[in-house]
Amino acid sequence: TNNMATVAAAVLTLSVTQQVDVNIVPGGVVGRSSEGYVSFNFDWHLNTEPGWDHNASIYHLNLNSKMLRSAAARLSPAVVRIGGSEEDEVIYDVADNGCEGYNLSSSQFCLSMKRWKEISEFTTSTKTDLVFGLNAMSGREGRDPKKPLNLSNHKQFLQYTVDNNIPVYGFELGNELPQVPADVMAKDMNNLRALVDSIYDKAPNGVSKPILIGPDQNPNAGYLNDWLPQVVNAINATTYHNYVAEGNNPKIASEILTPEYLDKGPQQIIGDMEAYEKHAKPHGIEVWAGEIAACWHSGQQNVTNRFIGTFWYADALAARVLTSTSRFCRQAMIGGYYELLDKSNYPEKDYYPNPDMFIAVLFHDLMGPNALNTTSNGTGTLRHYAHCNNNKVVLLLENIDNSTTFSVTVPGLSSGDEYLLTAPSLSSQVMDLNGSPLLPTSEGLFPTMKGKSVTFPSSTITLHPLSILFLTTNMHC
């Protein structure tokens, strides 16, 4: 917080102005995401874990929250991914006997079919796509990672899901399990594909077969190069998890607003993307960021849930589209110190949108799936991205410098609708849009956000220190 106070104080000093040209490179789309790109996760973490002590687990979570439902619906057709490390503890209580016969470390890891239906009702009513991570450890003899996975509980669960017409967009298998050899996990995934096919091929008309997604690991190119060739006929999407740094690192607040920090995430996945391009893309398989946040270990209080964290999130969303990542599953909607909706610090009964929630909705609403290439003669502290949406260029510009105002010239720009994001301080939980604070509605719902019509007589944008600009422009693409 002291670091942030120092940075915020610097904004009050007289800033210098730097002239920068940003050009959109001819040649069309260079990266493509999907309509439901901006997605989010729920997790199974127990209340005993720091940052998760407000019933943030999907086991306890208040799925009837007005704010949660209105926020989730604003991201439709987002993926709602339910997963995390504890998914490999969860048993599916199809027999309705409290998971009798299973040695559970917590009763929270016994999923009742009542709760399963409540989860389905949430995703159906918010018009989001349910992706559910299946247990890839409890079915192994002695939880030995080298033993094959017994899918008997999975079979019961899948059959119940079909019989009760519970729509599932996709299933994952296991979460961050590099200890399971690639050839063993490949056989498990192929067995799961056969099981899904056998059950869903007999399903009534109108029941859609779920896609399969994996392997849900941190960047591990060697594993992917072994695993992917063995599962190309089983999976529909491959995933990587991408966390830049450790949440307990006391330097995060001073490092997160540096080009090096913002560039690190994309650099971490280069090997994974090369494996994807070689083995999976030729088969029409998508690539997803299955879990992604500015730092692991549940983020960092007063950083990843405050205005200072929005620069990483907006930049990361744009940067992953350039890699043609189809889904960006933010960890997490509720829980930890990286949550999009805050409960732990809000005195009222419902959740409260953190600044990143507004970034998610603006990116979803404005940017579209098609990324264009941009170049600049400026420094790395001016971040610049362009998308093509409805045949118009949309710009995302970030000034992460605390003392430099950028005068940005964009050839062809004459007018547009701007969404300028600022805050009273970097540690603020309330962010301003075009000078007005972004707050829930009086009914406790997620608010609407409107742009401001502006003209640029000299094709030049003035971007002050520590600000983010979404700009829908007059320029065709």
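Colleague: What share of the protein's 477 residues counts as buried?
Modeller: Keep in mind that this is a predicted model. A residue is called buried when its relative accessible area is under 20%. Going through the 477 residues of the protein, the share that counts as buried is 57%.

Colleague: And what is the radius of gyration of the protein?
Modeller: Let's begin with what to expect: for 477 residues, a compact globule would come out near 23 Å. The C-alpha trace spans about 70 × 50 × 40 Å along its principal axes. The radius of gyration agrees with the globule value, because the protein has 23 Å.

Colleague: How many helices and strands are there?
Modeller: Both kinds turn up here, and contacts reach across the sequence too: among those between residues at least 6 apart, 77% join residues at least 24 apart. As for the secondary structure, the tally is 11 helices and 23 strands.

Colleague: Let's look at β15. How many of its eight residues are buried?
Modeller: Take the two sides in turn. Leu382, His384, Ala386 and Cys388 point one way, while Arg383, Tyr385, His387 and Asn389 point the other way, and all are buried. That fits a simple rule: in a regular strand the side chains alternate between the two faces of the sheet. Strand β15 is largely enclosed by the rest of the structure, because the number of buried residues is eight of the eight.

Colleague: Which residue of β15 is the bridge partner of Leu372?
Modeller: Strand β14 (residues 370-376) pairs with β15 in the antiparallel sense over three bridges. The two form a hairpin with five residues between them. Within that pairing, the β15 partner of Leu372 is Ala386.

Colleague: On to β16: which of its residues stands opposite Cys388?
Modeller: β15 and β16 (residues 392-399) pair antiparallel over eight bridges. Their hairpin has two residues between the strands, and in it Asn390 takes a positive phi near 55 degrees. Opposite Cys388 in β16 you'll find Val393.

Colleague: β14 has another partner, β1. Which residue of β14 does Asn23 stand opposite?
Modeller: β1 and β14 run antiparallel and are joined by six bridges. Strand β1 (residues 16-32) also pairs with β17 (residues 404-409), this time in the parallel sense over six bridges, and there Val20 stands opposite Val408. Back in β14, the residue opposite Asn23 is Thr375.

Colleague: Where are the cis peptide bonds, say the one with omega near 0 degrees?
Modeller: Most residues other than glycine have a negative phi, and most peptide bonds are trans. One cis bond joins Gly214 and Pro215, with omega about 5 degrees, and Pro215 is in strand β8. Ala332 lies in the loop between β11 (327-330) and β12 (341-342). The cis bond with omega near 0 degrees runs from Gln331 to Ala332.

Colleague: What phi does Cys99 have?
Modeller: Cys99 is in the loop between β4 (91-93) and β5 (110-112). Cys99 counts as buried, because its relative accessibility is 3%. Though Cys99 is not a glycine, its phi is positive, at about 60 degrees.

Colleague: And Leu466, buried or exposed?
Modeller: Leu466 is in the loop between β22 (460-463) and β23 (467-476). Its phi is positive too, near 55 degrees, in a residue other than glycine. The relative accessible area of Leu466 is 8%, and the cut-off is under 20%, so Leu466 is buried.

Colleague: Which residues does Leu151 contact, beyond its neighbours within four places in sequence?
Modeller: Leu151 is in the loop between β6 (129-134) and α4 (152-163). Leu151 is buried, with a relative accessible area of 13%. Once those sequence neighbours are left aside, its contacts are Asp188, Asn191, Leu192 and Leu195.

Colleague: Last one: is Asn205 buried or exposed?
Modeller: Asn205 is in the loop between α5 (182-200) and β8 (211-217). Its C-alpha atom is separated from that of Val454 by 51 Å, and the two are 249 residues apart along the chain. With a relative accessible area of 81% and a cut-off of over 50%, Asn205 is exposed.

Methods. Residues are numbered from 1 along each chain as its sequence is written. This is a predicted model: local features need pLDDT of at least 70, side-chain atom pairs count only at pLDDT 80 or more; totals for chains, interfaces and linings use all residues. Side-chain values use heavy atoms; hydrogens and water are left out. Buried means under 20% relative accessible area, exposed over 50%, partly exposed in between (1.4 Å probe, protein chains only). Helices (H or I, at least four residues) and strands (E, at least two) are DSSP runs, numbered from the N terminus. Two strands pair if DSSP finds at least two bridges between them. The radius of gyration is taken over C-alpha atoms; the globule rule is 2.2 Å times the number of residues to the power 0.38. Contact means heavy atoms within 4.5 Å.
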